[in-house]
Every structure is written in C-alpha cells, then in structure tokens.
Amino acid sequence: MNAWLQTAAVLITGLGIVAASAACRVTHTARGGLAVLLDFLTAAGLVRLAGEPSWDSIVLAAAVITLRKVLGASLHLSRQNQIIRGKARPVSRGR
C-alpha cells in the first residue's frame, strides 16, 4: 500500500475518534458517537482499499461495514422503542 494512503487511513481513524468523542459530548449519548466513529472507520477501510487491495483489507472493510449496518439498525430500533415508550430525551442544542 502506498505510504500516503496508509497515513491517510490512520489520520482518518484518529479524526474519527476525536469526532466521536465530540459527538458524545454534544449529544450526551454514546449512540451519536458510535455512529460517527463507525462512519470514519468505514472511510478508513475504503481508503485502505484504494491502495493494493488484498483479501485482508477487503474482509476488514466488509466487517466494518457489516458492523456499522447491524449496530446502526440496532441503535435505530432502540431509539424508536424509547420514543414509543415516551422515554426519549431530546437532544439539547447550544449549551
């Protein structure tokens, strides 16, 4: 893999961790941070595939995308159940 693609993938992963922690802080839930982190990890996996695609990188990217889809659906259903039961807390804006 090209050195700059490897560096870009690591940089995207690091930025994903920072963005996920910021999303957790803003939304006061782990749900938002996890969604952001999985999006960044998906992007990093796709950048790795732009280099020399190997079976390891393809499997890793597919695993992250599958995990993102499964957790995203689970979080969405959990959020809907909270709304139905009236336990959902609105996201605070601004403060």
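The mean pLDDT of this predicted model is 82, and 78% of the residues score at least 70. Confidence varies by element: helix H1 (residues 3–27) has the highest mean pLDDT, at 93, and helix H3 (residues 55–85) the lowest, at 77. Where pLDDT is low, the predicted coordinates should not be read in detail.

The fold is simple to list. The protein contains three helices and zero strands, in the order α-α-α from the N terminus on. Of the contacts between residues at least 6 apart in sequence, 62% join residues at least 24 apart. Buried residues account for 15% of the 95 residues. The accessible surface of the protein is about 6800 Å², and carbon and sulfur atoms contribute 66% of that area.

Helix H2 covers residues 30–50, and its geometry can be checked directly. With 21 residues at 1.5 Å a residue, H2 should span 30 Å; the C-alpha atoms at its ends are 30 Å apart, so expectation and model agree. The buried residues in H2 are Gly 33, Leu 38, Thr 42, Ala 44, Gly 45 and Val 47.

Leu 5, in helix H1, offers a view of how distant parts of the sequence meet. Its relative accessible area is 7%, which is under the 20% cut-off, so Leu 5 counts as buried. Leaving aside residues up to four places away in sequence, Leu 5 touches Val 47, Ala 50 and Gly 51. Of these partners, Val 47 is itself among the buried residues of H2. Ala 44, also buried in H2, is 39 residues from Leu 5 in sequence, with a C-alpha to C-alpha distance of 9.3 Å.

Key:
Residues are numbered from 1 along each chain as its sequence is written. This is a predicted model: local features need pLDDT of at least 70, side-chain atom pairs count only at pLDDT 80 or more; totals for chains, interfaces and linings use all residues. Side-chain values use heavy atoms; hydrogens and water are left out. Helices (H or I, at least four residues) and strands (E, at least two) are DSSP runs, numbered from the N terminus. The expected span of a helix is 1.5 Å times one less than its number of residues. Buried means under 20% relative accessible area, exposed over 50%, partly exposed in between (1.4 Å probe, protein chains only). Contact means heavy atoms within 4.5 Å. Accessible areas come from the Shrake-Rupley method with a 1.4 Å probe; for residues, only the protein chains shown count as cover. pLDDT is the predictor's confidence in each residue, from 0 to 100.
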